[in-house]
Each structure stands twice: as C-alpha cells, then as structure tokens.
Amino acid sequence: LEASSLGKHHVEGIFRTSVMQAYSAGQKDVLGNPFVADQFPYLLFVATHDTRVRSNHLAMEKHGQNRSAVYRTDDPIWLTAYPPISYNCRCAVIPLSIADAAAHGSREAQRWLRTGIPPTNPEFARLPYPVTPPRGWPTHDKIASVV
C-alpha cells in the first residue's frame with residue numbers, strides 16, 4: 001500500500017466493492033440452486049442506514065411490493081439493482097421465504113401463504129428512476145436463473 005499512488009479511502013472503496021461483488025456472486029449461486037430457490041422466492045433489500053447512504057439506495061426499501069423492501073427473486077430489477085449497485089455500495093439482500101415475505105408486507109406472499117397457490121401474475125417492482133450501474137460494472141444476468 002505504501003508504494004501505491006492510491007489513497008487509503010480509494011483502497012478501502014476498491015476492497016469493499018470487490019468483497020461485496022464476490023459475496024453477491026456467491027449468494028446468487030446458492031440462491032440459484034433448485035433446492036434453495038424453492039424455499040426463498042423473495043428477497044428483502046436492505047440499505048445501510050447512516051450518513052453515507054445514497055438516497056436512491058435507501059429508496060429501494062420503499063419500491064418493492066406494496067411499497068416495501070420485498071421483491072420477487074425473478075424481478076427484472078435485479079438485472080441492474082442487485083447489490084452492490086455501484087462503487088462503495090453497502091446494501092444487501094436477504095432471502096425470504098413466503099411466510100417471511102408476507103410478514104414484511106407482501107400481499108402477494110400473504111395470498112400465496114393463505115391459499116397455497118403460487119401467484120399467476122407476478123408483482124414486479126416499478127422503480128421511479130432508472131438504476132444504471134457504473135460503466136464497466138459486472139452484469140447480473142445470472143440472477144434471472146434464481147427461480
């Protein structure tokens with residue numbers, strides 16, 4: 001590090017981003033396993049609530065199903081908004097069962113839990129702003145295989 005022209009904060013940002021990208025890749029691989037995917041059809045988006053959080057990352061907690069942080073694992077938004085969304089992103093997703101998603105406010109999951117019938121018309125998120133990853137950011141096309 002002493003021989004590098006990079007500053008301490010730059011190195012921390014690179015390290016944090018790389019660790020989060022590796023964590024997310026591993027998490028997606030696990031969630032893509034059919035034995036796991038059947039148990040966790042939803043994801044809870046969680047931002048870090050502090051003075052460094054970006055407003056559009058924090059807003060993700062209010063744009064899921066029924067204005068909650070709950071999203072379907074097959075929601076197309078994950079193609080661009082699966083954390084880390086951009087450099088130094090400290091957001092995460094937590095896999096949710098149907099019961100967990102229902103408890104977090106998903107009416108779709110509540111119906112599914114009550115009837116035992118999976119939704120025929122999935123409820124996908126509609127973000128009020130585009131999520132555009134930084135130039136050169138890794139694509140998240142594998143997330144579509146989660147379900």
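# A tour from His 63

Start by selecting His 63, which is buried because its relative accessible area is 16%, under the 20% cut-off. The model on screen is a predicted one. His 63 sits in the loop between α3 (55-59) and β2 (70-72). Show the residues around His 63, leaving out those up to four places away in sequence: the contacts are Ser 68, Tyr 71, Ala 125, Arg 126, Leu 127, Pro 128 and Tyr 129.

**The whole chain**

Zoom out and colour by secondary structure. How many helices and strands does the chain have? There are 6 helices and 3 strands. Followed along the sequence, their pattern is α-α-β-α-β-α-β-α-α. The C-alpha atoms fill a box of roughly 60 × 30 × 25 Å along the principal axes.

Of the 147 residues, 37% count as buried. Switch on the surface: the accessible area is about 8700 Å², and 58% of that belongs to carbon and sulfur atoms. Next, colour the charged side chains. The chain carries 15 positive and 12 negative ones, and the centres of the two sets are 6 Å apart. If you draw contacts between residues at least 6 apart in sequence, 76% of them join residues at least 24 apart.

**The largest nonpolar core**

Now select Phe 45, Met 60, Tyr 71, Ile 77 and Trp 78. In the largest nonpolar core, which has 17 residues, these are the members that touch the most others. Two elements to highlight here are β1 (42-46) and α4 (78-81), each of which supplies at least two residues of this core.

Centre the view on Met 60. Which residues does Met 60 contact, leaving aside neighbours within four places in sequence? They are Phe 45, Ser 68, Ala 69, Tyr 71, Ile 77, Ala 81, Leu 127 and Tyr 129. Apart from the largest core lies another one of 10 residues, including Tyr 42, Leu 44, Ala 69 and Leu 96.

**Aromatic rings**

Display the rings of Tyr 71, Trp 78 and Tyr 82, which form one aromatic cluster. The structure holds 3 aromatic pairs. In the pair of Trp 78 and Tyr 82, the ring centres are 5.6 Å apart and the planes meet at 75°, so the pair is edge-to-face. Are these two residues buried or exposed? Trp 78 is buried, at a relative accessible area of 0%, and Tyr 82 is also buried, with 0% relative accessibility.

**A second histidine**

Move to His 104, in the loop between α5 (98-103) and α6 (107-115). His 104 is partly exposed, with a relative accessible area of 42%. With residues up to four places away in sequence left out, His 104 touches Leu 44, Ser 68, Val 70 and Leu 96. Draw a distance from His 104 to Leu 44: C-alpha to C-alpha it reads 8.5 Å, though 60 residues separate them in sequence.

**Helix α1**

Select helix α1 (residues 8-31) and find Thr 17 in it. Thr 17 counts as buried because its relative accessibility is 4%. What does Thr 17 contact, apart from neighbours within four places in sequence? The contacts are Pro 84, Tyr 87, Asn 88 and Trp 137. For a distance along this part of the chain, join the C-alpha atoms of Thr 17 and Gly 32: they are 15 residues apart in sequence and 22 Å apart in space.

**Backbone exceptions**

Most residues other than glycine have a negative phi, and most peptide bonds are trans. The last stops depart from that pattern.

Show the backbone at Pro 83 and Pro 84, which are joined by a cis peptide bond with omega about 0°. Pro 84 lies in the loop between α4 and β3 (92-96). Asn 88 is in the loop between α4 and β3 as well. Although not a glycine, Asn 88 has a positive phi of about 65°. With 32% relative accessibility, Asn 88 counts as partly exposed. Both Pro 84 and Asn 88 are among the contacts of Thr 17.

Finish at Arg 67, a residue other than glycine whose phi is positive, near 60°. Arg 67 is in the loop between α3 and β2, where His 63 is also placed. Is Arg 67 buried or exposed? Arg 67 is exposed, with a relative accessible area of 64%.

Key. Residues numbered from 1 in each chain as written. Predicted model: local features only at pLDDT ≥ 70, side-chain atom pairs only at ≥ 80, totals over all residues. Heavy atoms only, no water. Core = buried A, V, L, I, M, F, W, Y, C linked by side-chain atoms within 4.5 Å. Buried < 20%, exposed > 50% of the residue type's maximum accessible area, 1.4 Å probe, protein only. Helix = DSSP H or I, 4+ residues; strand = E, 2+ residues; numbered from the N terminus. Contact = heavy atoms within 4.5 Å. Areas by Shrake-Rupley, 256 points an atom, 1.4 Å probe, with all protein chains shown as cover. Lys, Arg positive; Asp, Glu negative; His and termini not counted. Charge placed at Lys NZ, Arg CZ, Asp CG, Glu CD. Phe/Tyr/Trp six-rings, centres within 6.5 Å; stacked < 30°, edge-to-face > 60°.
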